[in-house]
Amino acid sequence: MPKACDLSRNDVVAINNQPHIVEDLTVSTPSARGAATLYRFRFRNIVSKAKVDITCKGDESFGDISVERRDAQFLFIEQDQLMFMDTEDFSQFGFMREEIAEQAQYLVPDLEVKAVFCDGRALTIDLPASVVLKVVETAPVMKGASVTARTKPAKLETGLVVQVPEYLTEGESVNVDTRNGKYLSRA
């Protein structure tokens, strides 16, 4: 049984016999002596997609669930279904767009991901920390633009809109953080 102090982002545990994935984790250590460290979790039910917030002490445990993480590759979108291939046995599986809506905005063909399986069924995917996406629409370069903190919105090839430095132009590729959807750098 995993304890709260052992969990990290993207770990899967059982809460009320349902698989939940750790989306966010905050640790707060009180300044008073003898006070217990508190762990604040945001879990997402993998089946129903409902969010659950739990605050607990580090020695509290959660239900154990057996999951398997396999290397997979994003292939294509067929209507509203996103298709993936298991890179070990080359079998294909898919998710409806609503099932992985947050991750879908970072998916480009041939992207390597981790697929989470439970009882032989694909539950969700884990994205890499950052992905390279192409800018397809943005305002023109401003005259005298410099490498400063000024930004402008840019629409990327997947439809995701991020704030980018004002010197970037259409057609350039950028690194985007998949955890918070922010621009990291030019690719």
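# Talking through a strand-rich model

Among contacts between residues at least 6 apart in sequence, 43% join residues at least 24 apart in this chain. The model is a predicted one.

Colleague: How many strands does the chain have, next to its 1 helix?

Modeller: Let's start with the frame: the C-alpha trace spans about 60 × 50 × 25 Å along its principal axes. Within that, DSSP gives the chain 1 helix, and the count of strands is 14.

Colleague: What share of the residues is buried?

Modeller: The cut-off here is under 20% relative accessible area. With that applied to the chain's 187 residues, the buried share is 38%.

Colleague: And the surface: what part of it belongs to carbon and sulfur atoms?

Modeller: In total, the accessible surface of the chain is about 10,700 Å². The part belonging to carbon and sulfur is 47%.

Colleague: In what order do the strands of the 4-stranded sheet run?

Modeller: Take the pairs one by one. β2 (residues 18-28) and β3 (residues 38-45) are antiparallel over 8 bridges, and β3 also pairs with β4 (residues 51-57), again antiparallel, over 7 bridges. Add β1 (12-15), which stands at an edge, and the open sheet reads β1-β2-β3-β4.

Colleague: Why is one side of β1 and of β4 left without a neighbour in that sheet?

Modeller: Both stand at the edges of the sheet. One side of each has no neighbour because each has a single partner strand. As for the twist, neighbouring strands here are turned against each other, direction ignored, by an average of 40 degrees.

Colleague: Which residue of β4 is the bridge partner of R42?

Modeller: R42 lies in β3, where it stands opposite D24. Over in β4, its bridge partner is D53.

Colleague: Which residue in the turn of the β3-β4 hairpin has a positive phi?

Modeller: Along this pair of strands, L38 stands opposite K57 in β4. The hairpin leaves 5 residues between β3 and β4. The one in the turn with a positive phi, about 70 degrees, is K49.

Colleague: Now the 5-stranded sheet: which are its edge strands?

Modeller: This open sheet is antiparallel too, in the order β12-β11-β10-β13-β14. Strands that pair on one side only are the edges, so look at the two ends of that order: β12 (161-165) and β14 (183-186). Its neighbouring strands are turned by 50 degrees on average, direction ignored. To name the edges once more, they are β12 and β14.

Colleague: Which residue in β11 does E137 stand opposite?

Modeller: Strand β10 (residues 130-138) runs antiparallel to β11 (residues 151-156), and 3 bridges join them. Opposite E137 in β11 stands K155.

Colleague: Which residues have the most contacts inside the largest nonpolar core?

Modeller: In soluble globular proteins, nonpolar side chains tend to be buried together. The largest core has 30 residues, while a second, separate one of 10 residues includes A4, L7, V13 and F41. F84 touches residues well beyond its sequence neighbours, including F74, L75, F93, F95, I100, V113 and I125. Inside the largest core, the residues with the most contacts are F84 and L107.

Colleague: Is R70 buried or exposed?

Modeller: R70 is found in strand β5 (residues 68-78). Its relative accessibility is 16%, so R70 counts as buried.

Colleague: Which residue's side chain makes a polar contact with the side chain of R70?

Modeller: Beyond its neighbours within four places in sequence, R70 is in contact with D86, V113, K114, A115 and F117. The polar contact between side chains, at 3.0 Å, is with D86.

Conventions: Residues are numbered from 1 along each chain as its sequence is written. This is a predicted model: local features need pLDDT of at least 70, side-chain atom pairs count only at pLDDT 80 or more; totals for chains, interfaces and linings use all residues. Side-chain values use heavy atoms; hydrogens and water are left out. Buried means under 20% relative accessible area, exposed over 50%, partly exposed in between (1.4 Å probe, protein chains only). A polar contact is a pair of N or O atoms within 3.5 Å; within protein, one must be able to donate a hydrogen and the other to accept it, and residues adjacent in sequence count only if both atoms are side-chain atoms. Contact means heavy atoms within 4.5 Å. A nonpolar core is a set of buried Ala, Val, Leu, Ile, Met, Phe, Trp, Tyr and Cys residues joined through side-chain atoms within 4.5 Å. Two strands pair if DSSP finds at least two bridges between them. Axes are lines fitted to C-alpha atoms, for helices over the stretch in contact, and angles run from 0 to 180 degrees between N-to-C directions. Accessible areas come from the Shrake-Rupley method with a 1.4 Å probe; for residues, only the protein chains shown count as cover.
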